Amino acid sequence: MTEKLDLDQLRQWIGRSTEATDIVTAQLVKGLRATLFQEIGDPRPGDAAPFTVHWCLAQPVFPMSELGPDGHPTRGGFLPPVPLPRRMWAGGELQFLDHLRVGDQSTRRSRIADVTQKSGSTGTLCFVSVEHEVISPRGIAIRERQDIVYRDVSSAQAAAPAKPAPAQPAAKHRETHVSDPVLLFRYSALTFNGHRIHYDRDYVTKVEGYPGLIFHGPLQAALIVELAAKLHGGQPPKKFSYRGLQPLFEGSAFSVNANETDTGLELWTANEAGQPTMKGTATW
């Protein structure tokens, strides 16, 4: 049985901060370009990295003895010890101020901004918002809000079947790819993400109750950001907000879509049936 959620106790984590430093290497840039379906090239010092390379940098490293059954670190430490067993990246907001470049020493300063509890059709949800600043030798490169959602077991299982979605407008801009298990493994490796839902089919189907491996939320967001920049002369949005709608699973085609709006772009990823799995808005 799940331990009772004590919101007042969890909110004591608000204001806690941490800092980590890493270097943008040419090898990392090559691996991320390949995973984002870009030309790999031969990155040299000073070359711009993909816009969301910071999600690959200075990731926390824990000994095997401190990992939970899902492959994530056990609860506590910088993030509050939310007692709900299922944890996923729900969405967030990015502000791009400068490129990160090959050779940059990058520092990420992180702060717990809020902890909230909600009740929905699938049960109790706990949201933890984390604010990040990513700093290069030239100053602040990225400001970010990351929203993490914790669920009970039953709510994770209830989320597995794809829900019928309203018809989407035809996309003026669309790229299609295949959600291949190797793609998911590569992104897990680049981000040092041990969460078993992305690579362990027995675990994700038999323990968490999903029909297959789950496509990373950040990987969907990264593909959306790259399409947005491609459609805007290579410049990333000044502000990009996004949220996950439903899981995207392995083994089928998916699309990255965009339409112009009065203020920028509306973007979304969709599964093979055309149902949106993540939505985002980009403004310049």
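## Close-up views of pockets, cavities and a helix pair

**View A. The second largest pocket has a volume of about 310 Å³.** Everything shown here comes from a predicted model. Which residues should you look for around the centre of this pocket? Gln-38, Phe-51, Glu-226, Ala-229 and Lys-230 lie nearest the centre, and they belong to a lining of 17 residues. Sorted by class, that lining is made of nine nonpolar, four polar and four charged residues.

**View B. Helix α6 and strand β6 help to line the second largest pocket.** In the sequence, β6 covers 173-178 and α6 covers 217-230. Each of these two elements supplies at least two lining residues. Which element gives the most to the lining? That is α6, with five residues.

**View C. Helix α2 packs with helix α4.** Two packed helices are described by the angle between their axes and the distance between the axes. Here, α2 (residues 26-35) and α4 (residues 181-190) pack at an angle of about 150°, and their axes are 10 Å apart. Angles over 145 degrees count as roughly antiparallel, so α2 and α4 are roughly antiparallel to each other. The crossing of α2 past α4 is left-handed.

**View D. Side by side, α2 and α4 meet through a set of residues you can pick out by name.** On the α2 side, find Leu-28, Gly-31, Leu-32, Ala-34 and Thr-35. Their partners in α4 are Leu-183, Arg-186, Tyr-187 and Leu-190. Taken by class, the residues of this contact are six nonpolar, two polar and one charged.

**View E. The largest cavity has a volume of about 60 Å³.** Rolling a probe the size of a water molecule over the atoms shows where empty space is left. How many cavities of 30 Å³ or more does the structure hold? There are two. The lining of the largest cavity is formed by Ala-49, Pro-50, Phe-51, Val-53, Phe-96, Asp-98, His-99, Leu-100, Ile-142 and Pro-236. Eight of these lining residues are nonpolar, one is polar and one is charged. You have already met Phe-51, which is among the residues nearest the centre of the second largest pocket.

**View F. The second largest cavity has a volume of about 40 Å³.** Around this cavity you will find Asp-22, His-54, Leu-57, Ala-58, Ser-106, Thr-107, Arg-108 and Val-134. Which strand gives the largest share of this lining? Strand β3 (residues 105-120) does, with three residues. By class, the lining of the second largest cavity has three nonpolar, three polar and two charged residues.

Terms used
Residues numbered from 1 in each chain as written. Predicted model: local features only at pLDDT ≥ 70, side-chain atom pairs only at ≥ 80, totals over all residues. Heavy atoms only, no water. 1 Å grid on protein atoms, 1.4 Å probe; cavity = no way out; pocket = protein on both sides within 12 Å on 5 of 7 lines; lining within 4 Å. Points joined across faces, edges and corners; volume = space filled by probe spheres on them. Helix = DSSP H or I, 4+ residues; strand = E, 2+ residues; numbered from the N terminus. Nonpolar A, V, L, I, M, F, W, Y, C, P; charged D, E, K, R; others polar. Axes fitted to C-alpha atoms, helices over the stretch in contact; angles between N-to-C directions. Parallel < 35°, antiparallel > 145°, perpendicular 65-115°, else oblique. Left-handed = near helix turned anticlockwise from the far one by under 90°. Contact = heavy atoms within 4.5 Å.
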